[in-house]
Amino acid sequence: MSMQQIEMSKATKRKHVVKEVDDLTIPTESQSIVRIVESRGNNLHEVADPAGDQYLVSMPTKFRRNIWVKRGDFVLVEPITEGDKVKAEIVRILTREHQKWYRAQKCWPKEFDEITNPKQRTAEMDEEELFVNTNRLPLNCNRTDNTSETSSDESDSS
């Protein structure tokens, strides 16, 4: 297989995984909607179900490096029997469109409505959702020293 065919297969895989995320289907009886509490590493995530019970779920290989989840996101999981600590596997990452559609279909857990009800949201909660890039130092706009001017003057005289 050539390098171009390998790249195409990765792109095709990503396209199908992203397309699958957009799929709107009602959860089966064995599947449940849970909220991500914390990432545990090694593609394991701690989740909380509507009853408040917390347990570990695994991220399947097809989602790895294609779709990311963060604390507070909702996912659809299906129980697995193989592991003692890991109780379920992620079937679908739920977007805001999923949440709206599930509410319309009356299959969204009422316990999660308290968390995600837009009428009860405050400005503080919206600010928490903003992405903060921790790889960069914060830009201080109130800087008064002119270090950039002095460094350019020094380089001109050299």
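Let me start with the aromatic side chains of this predicted model. Four aromatic pairs are counted in the structure. One of them joins F74 and W108, whose rings meet edge-to-face, with 5.0 Å from centre to centre and 70° between the planes. This pair connects distant parts of the chain, since F74 belongs to strand β4 while W108 lies in the loop between α2 and α3, and 34 residues separate the two. Are these two residues buried or exposed? Both F74 and W108 are buried. With F112 added, F74 and W108 make up one aromatic cluster.

Before going further, I should say how far the model can be trusted. The mean pLDDT of the protein is 76, and 59% of the residues reach 70 or more. Two stretches call for particular caution. Over residues 2-6 the pLDDT is below 50, and this stretch has one contact in the model beyond near neighbours in sequence. The pLDDT is also below 50 over residues 116-125, where the model shows 10 contacts beyond near neighbours in sequence. Where pLDDT is low, the predicted coordinates should not be read in detail.

I turn now to the overall architecture. The protein has five helices and five strands. Along the sequence, these elements follow the pattern α-β-β-β-β-β-α-α-α-α. The chain comprises 158 residues, of which 26% count as buried. Among contacts with a separation of 6 or more, 56% are between residues 24 or more positions apart.

How are the strands arranged? They form a closed barrel of five strands in the order β1-β2-β3-β5-β4, and the pairing is mixed. From one strand to the next, the twist averages 55°.

Let us go round this barrel, beginning with β1. Strands β1 and β2 are antiparallel and share five bridges. They form a hairpin with two residues between them, and N42 in the turn has a positive phi of about 55°. Across this pairing, E38 has E46 in β2 as its bridge partner. E46 also has a bridge partner in β3, namely L56. The pairing between β2, residues 44-48, and β3, residues 54-58, is antiparallel and spans five bridges.

The next step is from β3 to β5, and here the strands run parallel, joined by three bridges. In this pairing S58 stands opposite E89 of β5. E89 is in turn the bridge partner of E78. Strands β5 and β4 are antiparallel, with six bridges between them, and they form a hairpin with six residues between the strands. Finally, β4 pairs with β1 in the antiparallel sense over four bridges. In that pairing, the partner of S32 is V77 in β4.

One residue of β1 deserves a separate remark. G41 is located in that strand. G41 counts as partly exposed because its relative accessibility is 32%, a value that falls between the 20% limit for buried residues and the 50% limit for exposed ones. In space, the C-alpha atoms of G41 and S58 are 9.8 Å apart, with their positions 17 residues apart in sequence.

What lies across the strands on the helical side of the story? Helix α2, residues 96-104, lies across β1, β4 and β5, and it runs at about 95° to β5.

I close with the nonpolar interior. The largest nonpolar core has 14 residues, and those touching the most other members are Y55, V57, V75, V77, I90 and I93. Strands β1, β3, β4 and β5 each supply at least two residues of this core. Which strand gives the most? It is β5, with three residues.

I90 illustrates these contacts. Leaving aside residues up to four places away in sequence, I90 touches H45, V57, S58, M59, P60, F63, V75, L76 and V77. Two of the residues already met in the barrel, S58 and V77, are thus included among the residues that I90 touches.

There is also a second, separate core of seven residues, which includes L76, Y102, W108 and F112. This returns us to the opening topic, for W108 and F112 also belong to the aromatic cluster with F74.

Conventions. Residues are numbered from 1 along each chain as its sequence is written. This is a predicted model: local features need pLDDT of at least 70, side-chain atom pairs count only at pLDDT 80 or more; totals for chains, interfaces and linings use all residues. Side-chain values use heavy atoms; hydrogens and water are left out. pLDDT is the predictor's confidence in each residue, from 0 to 100. Contact means heavy atoms within 4.5 Å. Two strands pair if DSSP finds at least two bridges between them. Axes are lines fitted to C-alpha atoms, for helices over the stretch in contact, and angles run from 0 to 180 degrees between N-to-C directions. Buried means under 20% relative accessible area, exposed over 50%, partly exposed in between (1.4 Å probe, protein chains only). Rings of Phe, Tyr and Trp (its six-membered ring) pair if their centres lie within 6.5 Å; planes under 30 degrees apart count as stacked, over 60 as edge-to-face and the rest as tilted. A nonpolar core is a set of buried Ala, Val, Leu, Ile, Met, Phe, Trp, Tyr and Cys residues joined through side-chain atoms within 4.5 Å.
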